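Please work through the exercises below with the sequence and the model side by side, and try each task before reading its solution.

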Amino acid sequence: MKILIAAILVLSSAFTHAADKFEPVLALTSISALDVPRYMGTWYEISKFPAWFQKKCVADTRAEYSLLTGGQVQVVNRCRQENGEMKEAVGSARQIGGTASSKLEVRFAPAWLSFIPAVWGDYWVIDLDPAYQLVAVSEPKREYLWILSRSTKVDPGTYSALLARLSSQGFDLQRLEKTIHRD
């Protein structure tokens, strides 16, 4: 009996010590409000977490957003491929929640498939400067991350401050890849 109690105490201590080494993952939060009409226009990708659907993109990646009737947003993503040609993907986005919600869903599947929940991906605005010039977009699992800007160049101090905020939100910044823009 003494051996069993000793074993339980040792294991209990080991599990408690191991649990201390792991920090709880905080739930990702989006910004408090998004002015969707103000967000419309062209955004240039500054850096991103690599994504399978962008693996052929080597430079000049940008997104253009425009309002459609009924509150939907047209999304046109473009990037330059290794052969020099521009690749384009056209999709749509919709807000989840109220008209100020910073949580959107986006799809690039044909419209006739839009009734299938799996064709919609989360697009959460998680950081946005007050001038709507620099934004970070992700989704709840932090598998994807895009840093976008209204111009192809970002002030290094501003970019570093954004990275610090993203790090405090639990993002592994080692995964970030800078995007090349051939101006």
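The exercises that follow concern a predicted model, and each task is followed by a solution in steps.

**Exercise 1. The overall layout**

Task: State how many helices and strands the protein has, and give the pattern that they follow along the sequence.

Solution. Begin with the count, which comes to three helices and nine strands. Next, read the protein from its start, and the pattern is α-α-β-β-β-β-β-β-β-β-α-β. Then turn to burial: 36% of the 183 residues count as buried. Finally, consider the contacts between residues at least 6 apart in sequence, of which 51% join residues at least 24 apart.

**Exercise 2. Strand 6 and its partners**

Task: Work out which strands pair with strand 6, and in which sense they run.

Solution. Locate strand 6 at residues 121-128, where six of the eight residues are buried, so that the strand is mostly covered, taking buried as under 20% relative accessible area. On one pairing, strand 5 (residues 103-107) runs antiparallel to strand 6, and four bridges join the two. The other pairing is with strand 7 (residues 134-138), again antiparallel and again over four bridges. Trp124 shows both pairings at a single position, since this residue of strand 6 stands opposite Lys103 and also opposite Ser138 in strand 7. To complete the picture, follow the chain from strand 6 to strand 7: the two form a hairpin with five residues between them, and Tyr132 in the turn has a positive phi of about 55 degrees.

**Exercise 3. Salt bridges between strands**

Task: Find which acidic residues meet Arg78 in salt bridges, and decide which residues are linked with Arg78 in a network.

Solution. A search of the whole structure gives eight salt bridges. In one that involves Arg78, its side chain meets that of Glu64 at 2.8 Å, N to O. Arg78 lies in strand 3 and Glu64 in strand 2, so this pair ties together parts that are 14 residues apart in sequence. Glu64 itself counts as partly exposed, at 26% relative accessibility. The side chain of Arg78 also meets that of Glu88, at 2.8 Å, N to O, and this pair links strand 3 to strand 4 (residues 86-95) across ten residues of sequence. Glu88 is partly exposed as well, with a relative accessible area of 47%. Putting the steps together, Arg62, Glu64, Arg78 and Glu88 are linked in a network of salt bridges.

For a further case, take Arg80 and Asp60, whose side chains meet in a salt bridge at 2.7 Å, N to O. Here Arg80 in strand 3 is joined to Asp60 in strand 2 (residues 57-67), 20 residues apart. Asp60 is buried, because its relative accessible area of 10% falls under 20%, whereas Arg80, at 23%, is partly exposed.

**Exercise 4. The cavity and Leu34**

Task: Describe the lining of the largest cavity by residue class, and say whether Leu34 is buried or exposed.

Solution. The count gives one cavity of 30 Å³ or more, and the largest cavity holds about 60 Å³ of space. Its lining divides into eleven nonpolar, no polar and no charged residues, including Leu34, Met40, Ala93 and Tyr123. Helix 2 (36-39), strand 3 (73-81) and strand 5 each supply at least two residues of this lining. Leu34 is found in the loop between helix 1 (2-21) and helix 2, and it counts as buried at 3% relative accessibility. The contacts of Leu34 include Tyr39, Leu104, Val125 and Tyr132. Ala100 is also touched by Leu34, and the C-alpha atoms of these two residues are separated by 5.0 Å although they stand 66 residues apart along the chain.

**Exercise 5. Two pockets**

Task: Set out the volume and the lining classes of the largest pocket and of the second largest pocket.

Solution. The largest pocket has about 850 Å³ of space. Of the 34 residues that line this pocket, Phe53, Asn77, Val106, Phe108 and Trp146 are the closest to its centre. By class, the lining has 20 nonpolar, four polar and ten charged residues, and strand 2 gives the most, with five residues. The second largest pocket has about 150 Å³ of space, and its lining has four nonpolar, three polar and three charged residues. Strand 1 (41-48) and helix 3 (156-168) each supply at least two residues of that lining, whose members include Glu45, Ile46, Pro156 and Tyr159.

Methods. Residues numbered from 1 in each chain as written. Predicted model: local features only at pLDDT ≥ 70, side-chain atom pairs only at ≥ 80, totals over all residues. Heavy atoms only, no water. Buried < 20%, exposed > 50% of the residue type's maximum accessible area, 1.4 Å probe, protein only. Pairing = 2+ DSSP bridges. 1 Å grid on protein atoms, 1.4 Å probe; cavity = no way out; pocket = protein on both sides within 12 Å on 5 of 7 lines; lining within 4 Å. Points joined across faces, edges and corners; volume = space filled by probe spheres on them. Nonpolar A, V, L, I, M, F, W, Y, C, P; charged D, E, K, R; others polar. Salt bridge = Lys/Arg side-chain N within 4 Å of Asp/Glu carboxyl O. Contact = heavy atoms within 4.5 Å. Lists of a residue's contacts leave out its neighbours within four places in sequence.
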